[in-house]
Amino acid sequence: MLKDIHNYNARAVAAGLLLALMTGTAFAQLLPTAPALGQSANGVEQIEAATPLTLQKAVALALEANLDLTVAQREIEAVEGQVIQGRVRPNPELAYSLEDQRTPTRTQSVQINLPIELGGKRAARIAAAERGRDVAVEELNTRRVEIRAAVVAAFFEALAAQDRTALAQDSVDLARQATDAVAKRVTAGKVSPVEETKARVAEAGVRVELAQAQSEQRSARARLASLLGANPPRFTQVAGSVDDLPNVPSLDDIQQRLSASSALRRAQLEIERRRSLADVERSKQTPDVTVSLGVKRPNELARNQLMLGISVPLPLFDRNQGNLLEALKREDKARDELQALNLRLSTEVLQARERLASVRGEIDVLQREVLPGAKSAYDAATVGFGYGKFNFLEVLDAQRTYFAAKSQYLKALADAHRAAADMDRVIGASESTTTLPANKE
């Protein structure tokens with residue numbers, strides 16, 4: 001009987017182990033494996049990296065997550081505390097006094113002292129705090145304009161670097177084809193082996209230029225990503241056309257937009273804040289009144305006595321004249337700073353406008369004369385080399401001339417967008433600065 005029980009227990013244990021094994025296997029099949037999870041994450045990163053970044057998306061991301069904007073927003077929240085504190089009235093004071101320790105002759109008194117602000121101190125304090133809040137809000141608007149302009153400049157810089165990299169890659173491909181063609185002619189005995197050596201040296205030089213262009217492209221992408229917040233999206237391409245040139249605004253348009261710019265508006269609000277602070281210091285020249293109400297009980301009289309009092313400080317020596325003088329001079333300083341800022345911003349905008357107009361003229365010459373002529377000379381040299389009319393050095397010279405002109409064209413386009421961004425940084429973006437496509441050769 002013991003043997004049967006032992007066999008039964010053994011069979012039960014075996015069945016339990018088998019059931020657990022089958023359950024674990026089925027459960028393991030349902031769970032995703034670690035490589036699958038890794039592949040899924042990598043797939044998401046690849047999709048994110050493969051998605052081109054547009055200018056509109058870059059500006060939206062920067063205005064939403066840029067750290068400088070977060071700092072400016074925190075300043076607004078902090079200044080809001082000054083507004084709340086400025087509205088608070090002075091606290092009353094509770095006083096207790098005890099005269100004489102002997103009970104028969106002891107006198108006790110309790111009173112409440114209520115300070116009353118005169119001279120418009122509370123209203124001046126509230127106005128100064130509100131002007132400080134207005135300055136903080138305008139500072140946030142100024143930061144928005146500056147960050148948007150920085151993003152636009154960095155975006156088109158990355159776009160131009162991307163086009164330069166593509167141009168350098170095309171140059172490498174053409175150099176490789178030319179090297180192969182020269183090698184075939186050397187094999188056929190039509191040209192000297194020296195020509196093949198020159199071709200390979202030229203191809204190596206073009207590869208160096210490609211490496212430099214790729215490095216500049218990575219740096220431009222890094223500068224753009226730094227403006228998009230703490231967690232910028234992964235991207236390897238930017239989508240857009242660097243040929244879309246901004247318009248040159250008129251002088252009247254510049255003056256109108258400059259007068260309404262966030263930078264000048266902030267300086268004007270700073271003058272108002274300084275004026276409010278001067279009003280605060282001026283109100284302090286009027287002394288406050290403290291009204292007292294209490295009860296006094298002398299034990300000798302065995303009855304309570306009402307106490308009424310009023311106290312006013314005598315402004316014989318301290319009339320707050322030093323603080324008022326400082327506040328008035330700081331108000332004058334704010335006015336001078338506004339004039340200096342207006343002059344400096346006007347100069348910067350006019351210089352940026354002049355650069356934009358000059359670069360557009362350069363781009364026009366490159367489009368109409370330089371690029372078509374360089375492209376025609378390069379095509380003719382390439383065809384003539386195929387028929388044996390030109391040697392490889394002439395083809396190489398035509399190729400370098402064309403690609404140098406193309407690189408100069410891309411650089412001019414980037415300079416044009418940078419000049420337009422410098423204007424927008426000061427006077428803000430406007431419909432008059434919308435981009436127009438440049439004429440392509």
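The following dialogue introduces a predicted model of a protein through questions and answers.

Student: How many helices and strands are there in the protein?

Tutor: The model is predicted, and its chain has 441 residues, of which 32% count as buried. Among contacts between residues at least 6 apart in sequence, 80% join residues at least 24 apart. As for the elements themselves, the protein has 10 helices and 8 strands.

Student: In which order do the 4 strands of the open sheet stand?

Tutor: The order can be built up from the pairs. Strand S2 (residues 93-99) pairs with strand S3 (residues 107-116) over 7 bridges, and S3 pairs with strand S6 (residues 289-298) over 10 bridges. S6 is in turn joined to S7 by 7 bridges. The pairing is antiparallel, and the order is S2-S3-S6-S7.

Student: Which strands stand at the edges of this sheet?

Tutor: The twist of the sheet averages 20° from one strand to the next. An edge strand has a single partner strand, so one side of it is left without a neighbour in the sheet. The strands in that position are S2 and S7 (305-311).

Student: Which residue is the bridge partner of Ile116 in S6?

Tutor: Ile116 belongs to S3, which covers residues 107-116 and runs antiparallel to S6. On the other side of the pairing with S2, Ala95 stands opposite Gln111 of S3. In S6, the partner of Ile116 is Val289.

Student: Which residue in the turn between S6 and S7 has a positive phi?

Tutor: Two facing pairs help to place this hairpin: Leu293 lies opposite Leu308 of S7, and Val295 has Leu306 as its bridge partner. There are 6 residues between the two strands. The turn residue with a positive phi, of about 55°, is Ala302.

Student: Is Gln285 buried, partly exposed or exposed?

Tutor: Gln285 is located in the loop between H8 and S6. Beyond its neighbours within four places in sequence, Gln285 contacts Arg319, Asn320, Gln321 and Leu324. Its relative accessible area is 32%, and because the class between 20% and 50% is the intermediate one, Gln285 is partly exposed.

Student: What is the C-alpha to C-alpha distance between Gln285 and Leu324?

Tutor: Leu324 is one of the residues in contact with Gln285. In sequence, the two are 39 residues apart. In space, C-alpha to C-alpha, they are separated by 8.8 Å.

Student: How far does helix H8 reach from its first C-alpha to its last?

Tutor: H8 covers residues 262-283, a run of 22 residues. Its buried residues include Leu264, Leu269, Ile271 and Val280, and also Glu270 and Glu281. At 1.5 Å a residue a reach of 32 Å is expected, and H8 comes close to this with 31 Å.

Student: Which helix gives the most to the largest nonpolar core?

Tutor: This core has 70 residues, and Val151, Leu224, Val238 and Ile363 touch the most other members. Several helices supply at least two residues each, among them H5, helix H6 (193-226), H8 and helix H9 (321-386). With 16 residues, the helix that gives the most is H10.

Student: How many residues are in the second, separate core?

Tutor: This second set is separate from the core described above. It includes Ala168, Ala175, Val206 and Ala213. The number of residues in it is 6.

Student: Why does Gln162 count as buried?

Tutor: Gln162 lies in helix H5 (residues 121-187). Apart from residues up to four places away in sequence, Gln162 touches Gln217, Thr236, Gln237 and Val238. Buried means under 20% relative accessible area, and Gln162 therefore qualifies with a relative accessibility of 15%.

Student: With which side chain does the side chain of Gln162 make a polar contact?

Tutor: Two of the residues touched by Gln162 are Val238 and Gln237. Val238 also contacts residues including Leu53, Phe155 and Leu224. The polar contact of the Gln162 side chain, at 3.3 Å, is with the side chain of Gln237.

Definitions and conventions
Residues are numbered from 1 along each chain as its sequence is written. Side-chain values use heavy atoms; hydrogens and water are left out. Buried means under 20% relative accessible area, exposed over 50%, partly exposed in between (1.4 Å probe, protein chains only). A polar contact is a pair of N or O atoms within 3.5 Å; within protein, one must be able to donate a hydrogen and the other to accept it, and residues adjacent in sequence count only if both atoms are side-chain atoms. Contact means heavy atoms within 4.5 Å. The expected span of a helix is 1.5 Å times one less than its number of residues. A nonpolar core is a set of buried Ala, Val, Leu, Ile, Met, Phe, Trp, Tyr and Cys residues joined through side-chain atoms within 4.5 Å. Two strands pair if DSSP finds at least two bridges between them. Axes are lines fitted to C-alpha atoms, for helices over the stretch in contact, and angles run from 0 to 180 degrees between N-to-C directions.
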